[in-house]
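Here are my notes on the model you sent over. Have the structure open while you go through them.

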Amino acid sequence: MKRLIFISIVGLGILLTFYIIRISFISIPTEEYSQVFKSEIELCKTCPPGFQLNENNQCISRNLYMQYESIENKGVGGLKSALPTVRDGFTPQQIDLGRYLFFDPILSADGSVSCSSCHDPEMGFSDGKTVGVGIHQAKLKRASTSLWNVAYLKKLFWDARAGSLEEQMQGPLYAEDEMGTTEDQLLATLNGIGNYQRLFADAFPKRKPNDSIKLHEIYTSIAAFESSLISLNSRYDQYAHGYHQALNEKEIEGLNIFRSFVARCAECHTPPLFTNQQIAVIGTPEPDGLPLDPGAEITFNDKSCRGGFKVPSLRNIEKTAPYMHSGKFKTLRETVEFYTKGRGHAVPENEDLFIHWHIWEPNLTDYELDRLVDFLNTLTDESFKPKVPEILPSGKDLQNINS
Amino acid sequence: MDKPKKSSILKKTVYTIFLLLIGFFVGYKFFSPNSGDTPLPVKNTLYRSTTNANDTIISDHLEEFNGEIFEVKNGDIIMDAVKKAKPGDLIRVYPGSYSETVYIDKDNITFQGVIKDGNWPVLDGKKELNDAFLYSGNGIQIEGFKIINYKGNGIMGQAGNNFVLRNNWIIDAGVYGIFPQYGKNGLIEYNILTGIEDAAIYVGMCDNIDVLHNEVYGNVAGIEIENSRHCLVENNNAYDNTGGILAFITPGLPIKTTYDVIIRNNFVHENNHENFGAPGSIVSGIPPGTGILVMAADDVIIENNLISGNKNVGIVITDFENGGAKASNDPESDPNPDNIVILDNIMINNGTEPIGEVKALMLTQLSTRGPDILAIGGGTGSTIRDKNKYLTFGLGDFGTPKIDNTKDVASFLLDKPAEPRKVSKKELGEYTYFGVCSGCHAYDIRLIGVPVNIIQMIYKDNPEGMVEYMNKPKNLRDDYPEMPPQNYLSEEAKLAVAEYMLSLKK
């Protein structure tokens, strides 16, 4: 009798499983862009939005700024200027595999944090924290930077110490207080997961079928996903392309203050990316009690760069509070106010920094500061925000992320 | 007997011609159009030659003016006209006082200040407004304005090619008087600028710019060419500034070079003004009494200038480190001035009161007077003609120039306007579909909006219908969310993307 009950329960279970699979098969083609309800994860064969698939199965970046040119092809200028050269040409499969890796905490030493712990799509691909938090709740030195439009950036990290996304990601992956893993552990972990073996074989079809997962394949996939995070359809962009009704009077006032030579914001936060990708020493304050962060002085081994940081893009800036390398300013209003409080006002007394020449005393009024914030809020566009995977190839639970 | 008769015929003839001339003149005065007004500008007068060279290519670009004319009179607001204007239009501003920031995010708009009986249209910032003119469009022409009391710039361009900034009179308009940035192919001529706390005319990160016939005095810097290439500075009068004419590479900017600059036929004299630059600004380190200053720039030719009465030094050639500016080093920016060419110049009465460092240098040469020409710091390949004409310091390794003059260069303006990028309809369709629409529409799977293959069924051979829907979507399907209007796309982009989407095969 017991045996009969057992068999019927198992039978029912099997039936139910088939039923679920059948349902998911029916609903897939119309329901979901990535096939997350399938029992077996498969990589997406189409490019994410913002990209066109070419005949070599590569995703090529496409946007309205390709109508324009820029001086010396540097991707800086005015409203109708071309963007800097973009990192593209990854395959749809690499981009989708990168998405899984990006959200998978299995990449960290103890399986507790993923890339998305500090670069959360719900937080403008930053984390909403003053400074990043790594494994074992370790407090990091600087604020997490947004990843929107990183495909256009030539230098990465606040102190510009990495020249490519592949180089950059090896920082957090292997830093003891960030994800804390090692090359050996990372390879052993991923090669030990059947799902990942299969997905890597799919994303890198040129290799031999039984080859193990290689580090460069991991880096390429994550870089591919990060390069797909494109935000170029804000209301500001509509204005820039010629639809002047996209911004209201106050926002246009803000734009004009932003680009005026009094506030000078656009001199470093230059359209269309809203960064000129240079290092600037602007003398923002450190969190209370902490010494001055030398920043790019270490990168370039040059005293004149002490306290210098990479000019960040302002796209989706509304979503990435708090601000500056130290996360010192909680709001955009506080941040813009910093620039009118006097050249070097927050620099410790014993420091002699090479403060950037555009940092001066513009004497902006409260009204002007409010308009600047109005304008900055027009740079928001998350229409191409990627989907968070609902299940991970490692079987790890996504619920644990961002706890 | 014949003689008087002849003489009377002659008299009559002269008298008749005289009357005819008066009649013609009076008639012309009363009946000719636009009498007494400033004439309409010829479109693309940019390519009017300023010298006698290459005149044949110039006439190719003269076009008939066929835009609309907006007239702005005292009491009106210039921006009201700008908002209505379309590319190719002309905005004429009559004498009066206007207090506003004129921003132009459109192409091919001409602003013409109408000066009547010596009265100018005046843009007055009242020390409250930031900038008088801000433009980002191509083909902007601004001429005939008096601009006073702004805090930022008189005229500032951010991108914008093929500009003409002419006949403007700019007094105490803030940090820069005329400041095109990221522009290609522009002409700055016949402007008068004074009281500017940085550079009166500042060409920043541009290519192919002519700066001609301007008068700059009482500024910190008169004319500055910074991180720009192919620039001609000619026939200007630069006096009573802290520094007269500058060619710089400033580190830390996204465009890293200055080269191919000609500074020619200018008067550069008595640039001894106290330095009133803002603390920390690059020019705040310029010592008063500097005629021409070349910092880190390459391939600068200095020819046939009259350089006199500059109390510190007539011409300074320096690397960045010795340039007196305090800014972070930039590993991507070469700090040394290379291949500077000094041809014939007239230099008198310079260096009468050199600053401390220069004085100390000169004492090593047993001279108490400052030099006409000083070269300091790194740099290679520089040359000078007839070095012995001048008192110099640091020119030991300067050789003899390979050229005698620059007469083969009449202008650095392009033969034809810098063209915008040419984009085919198909490309525009691709950019729009993948750049905008693909966030919601994929070919045969459902994202947020209806798949493209279904749209193709509905709008087969009817791209115009699709455009209509984009402008004013009406929700036809309960199973999809309503599309927000896509009316912000240009008419061309909407039609291009409609045709493109209808032609997609996968």
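The points below start with the fold of chain A, go on to its domains and end with the contact to chain B.

1. First, a caveat: this is a predicted model, so please read everything below in that light.

2. Chain A mixes both kinds of secondary structure, with 13 helices and four strands. The chain runs to 403 residues, and 52% of them count as buried.

3. On contact order, look at the pairs in chain A that touch and sit at least 6 apart in sequence: 68% of these contacts join residues at least 24 apart.

4. The domain assignment splits chain A in two. Domain 1 is built from two segments, 51-231 and 385-398, while domain 2 covers 235-379. Going by C-alpha atoms, the centres of domain 1 and domain 2 of chain A are 26 Å apart.

5. Those two domains of chain A touch each other, with 33 residues of domain 1 and 28 residues of domain 2 taking part. On the domain 1 side, the contact residues break down into 14 nonpolar, 12 polar and seven charged.

6. Now the contact between the chains: chain A puts in 60 residues and chain B 53 residues. Which elements of chain A each supply at least two residues to the side that touches chain B? They are helix 1 (2-31), strand 1 (51-53), helix 9 (249-259) and strand 3 (279-281).

7. As for the make-up of that chain A surface facing chain B, I get 28 nonpolar, 23 polar and nine charged residues.

Note on methods: Residues numbered from 1 in each chain as written. Chains lettered and ligands numbered in written order. Predicted model: local features only at pLDDT ≥ 70, side-chain atom pairs only at ≥ 80, totals over all residues. Contact = placed C-beta atoms within 7 Å. Nonpolar A, V, L, I, M, F, W, Y, C, P; charged D, E, K, R; others polar. Buried ≥ 20, exposed ≤ 12 C-beta atoms within 10 Å, placed from the backbone. Domains from an automatic or database assignment.
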